[in-house]
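I opened the model to look up some strands and helices. My notes are below the display.

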Amino acid sequence: YLEESLNLYKREKQQVVLFVSSSLNAPKETQFVIALKKELDKLGYQLYFRIHPLDYDTYQMKYKDIIHAGILIDRDNLYKVLSVTKYVIGEVSTVLYEALKFRTVIMGLETDYSKGVNPDFVNVITTVDDVVKLIRYPVSSKVDVEYFWKENWEINFKCLLTSILNKNNAG
């Protein structure tokens with residue numbers, strides 16, 4: 001389905017940043033996203049907030065401050081959205097890996113929950129200022145996009161998980 005979507009949704013990238021919710025850290029996500037929207041407005045970027053599927057029934061209450069701030073709640077086809085998105089931000093999500101295939105810049109928000117974010121594959125951020133700097137001064141991708149998608153992806157993925165565990169156990 002991913003390969004089909006790549007062909008179906010070939011679109012030009014737009015000034016869009018997609019924040020992917022983990023569902024587990026709503027207060028921190030809300031605070032971060034609202035502050036981020038103010039900065040992105042200055043840069044001419046749109047901010048989409050993708051709710052986690054677990055929150056489909058409760059998001060209007062759980063993320064009411066995000067809705068009130070005028071941030072677009074994204075529930076569209078993920079691959080359609082990724083096809084136009086320049087930057088994806090998240091704590092820990094499979095969407096970060098899927099976004100790689102769409103040549104999207106990945107930013108991993110480091111929190112207590114996401115200590116396993118691998119700086120070899122994402123741009124690790126902790127503040128809104130980090131996001132602004134990466135938009136103003138882009139860096140090239142830190143990983144070969146096909147690393148997770150070619151025929152032996154399972155071996156590569158296991159190696160990645162092992163390296164994350166080793167880093168976490170060493171720290």
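These entries cover a strand, its neighbours and two helices.

**Ground rules.** I am working with a predicted model, where local features need pLDDT of at least 70, side-chain atom pairs count only at pLDDT 80 or more, and totals for chains, interfaces and linings use all residues. Residues are numbered from 1 along each chain as its sequence is written, and side-chain values use heavy atoms, with hydrogens and water left out.

**Strand β5.** I started with residues 105-109 (strands are DSSP E runs of at least two residues, helices H or I runs of at least four, numbered from the N terminus). Of the 5 residues, 4 are buried (under 20% relative accessible area, 1.4 Å probe, protein chains only). The strand is therefore largely enclosed by the rest of the structure.

**Its partners.** I checked pairing, which takes at least two DSSP bridges between two strands. β4 (residues 87-90) runs parallel to β5, with 4 bridges. There, valine 88 stands opposite isoleucine 106. β6 (residues 123-125) also runs parallel to β5, through 3 bridges. I found methionine 107 bridged to asparagine 123.

**Helix α6.** Residues 94-101 form α6, which joins β4 and β5 in a right-handed β-α-β unit (strands pointing away from the viewer, the path from the first strand over the helix to the second runs clockwise). I see 7 of its 8 residues buried, among them Tyr97 and Glu98. Serine 93 caps the N-terminal end, with a side-chain oxygen 3.1 Å from the backbone nitrogen of valine 95. Arginine 103 follows α6 with a positive phi near 60°.

**Helix α2.** I also looked at residues 26-43. Buried residues here include Phe32, Val33 and Leu36. Just after α2, glycine 44 has a positive phi of about 80°.

Conventions
Buried < 20%, exposed > 50% of the residue type's maximum accessible area, 1.4 Å probe, protein only. Expected span 1.5 Å × (residues − 1). Polar contact = N/O pair within 3.5 Å; in protein donor to acceptor, adjacent residues only side chain to side chain.
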